[in-house]
Amino acid sequence: MTLSTCAQDGFPNSRIVLLKGFDKRGFVFYTNYESDKGKELAANPNACLLFYWHPLQRTVRIRGKVEKTSEQESDDYFGSRPLKSRLAAIASNQSSVIPDKECLQMRFTKLLEECDEDASVPRPLHWGGYRLTPTSIEFWQGKSLS
Ligand SMILES: Cc1cc2nc3c(=O)[nH]c(=O)nc-3n(C[C@H](O)[C@H](O)[C@H](O)COP(=O)(O)O)c2cc1C
């Protein structure tokens, strides 16, 4: 889904994130709290989610406010991720400028070498979930006019 946030320079900011859960409380995604989106949501929790299904000619637009998921919920989801995904979350300082791709790859490889397959890798505190509680949901449906 596309997640749009309000940046502090007044411009909207959008990026793709994975919807990892939804229920009556709202829509959950996970990210790095120190990323651009994390900083933007800390300053302004208003956000918008957009889903687009090209073959169905359908969009769903959801506007609302986000809150961090509980520590327990974030721990549970982080713990359910494959080892390499957990290490990648630790290796990547999301949204920050890096000298080159190799330095990120080296950080990841070092972490991988340092732990074994069943190692418990604790969730870094700067990584976790957000839940967007909707204030409005719009369903748009296109159709062929021929
Ligand atoms: C298919 C796809 C799924 C993605 N899922 C996530 C995700 O669940 N969480 C996340 O933080 N970034 C995800 N990303 C990366 C983001 O789009 C984005 O590049 C990154 O989070 C940094 O965004 P920011 O600098 O605006 O904070 C995904 C990218 C793609 C293409």
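A polar contact here is a pair of N or O atoms within 3.5 Å; within protein, one must be able to donate a hydrogen and the other to accept it, and residues adjacent in sequence count only if both atoms are side-chain atoms. This is a predicted model, in which local features need pLDDT of at least 70 and side-chain atom pairs count only at pLDDT 80 or more, while totals for chains, interfaces and linings use all residues. Residues are numbered from 1 along each chain as its sequence is written, and side-chain values use heavy atoms, with hydrogens and water left out.

**View 1. Polar contacts of the ligand with Y30, T31 and D36.** A ligand nitrogen atom sits 2.9 Å from a backbone N or O atom of Y30. At T31 the side chain does the job, with an N or O atom 2.6 Å from a ligand oxygen. D36 brings a backbone N or O atom to 3.3 Å from a ligand oxygen. On its own the ligand has 620 Å² of accessible area (Shrake-Rupley method, 1.4 Å probe), and the protein covers 59% of that.

**View 2. The shell around the ligand.** R15, I16, V17, L18, Y30, T31, S35, D36, K37, Q94 and S95 surround the ligand, each with a heavy atom within 4 Å of it. Sorted by type, that's four nonpolar, four polar and three charged residues; Ala, Val, Leu, Ile, Met, Phe, Trp, Tyr, Cys and Pro count as nonpolar, Asp, Glu, Lys and Arg as charged, and the others, Gly among them, as polar.

**View 3. S95, a shell residue with a positive phi.** Most residues other than glycine have a negative phi. S95 isn't a glycine, yet its phi is about 75°. Look for S95 in the loop between α3 (83-91) and α4 (101-114); helices are DSSP runs of H or I with at least four residues, strands are E runs of at least two, and both are numbered from the N terminus. S95 counts as partly exposed because its relative accessible area is 39%, between the cut-offs of under 20% for buried and over 50% for exposed (1.4 Å probe, protein chains only).

**View 4. The hairpin of β5 and β6.** Eight bridges tie β5 (46-53) to β6, and the two run antiparallel; strands pair if DSSP finds at least two bridges between them. A47 faces G64 in β6. Four residues separate the strands, and Q57 in the turn has a positive phi of about 50°. Q57 is partly exposed, because its relative accessibility is 35%.

**View 5. β6 against β7.** Antiparallel again, β6 (58-68) is joined to β7 (residues 127-141) by 11 bridges. E67 has R131 in β7 as its bridge partner.
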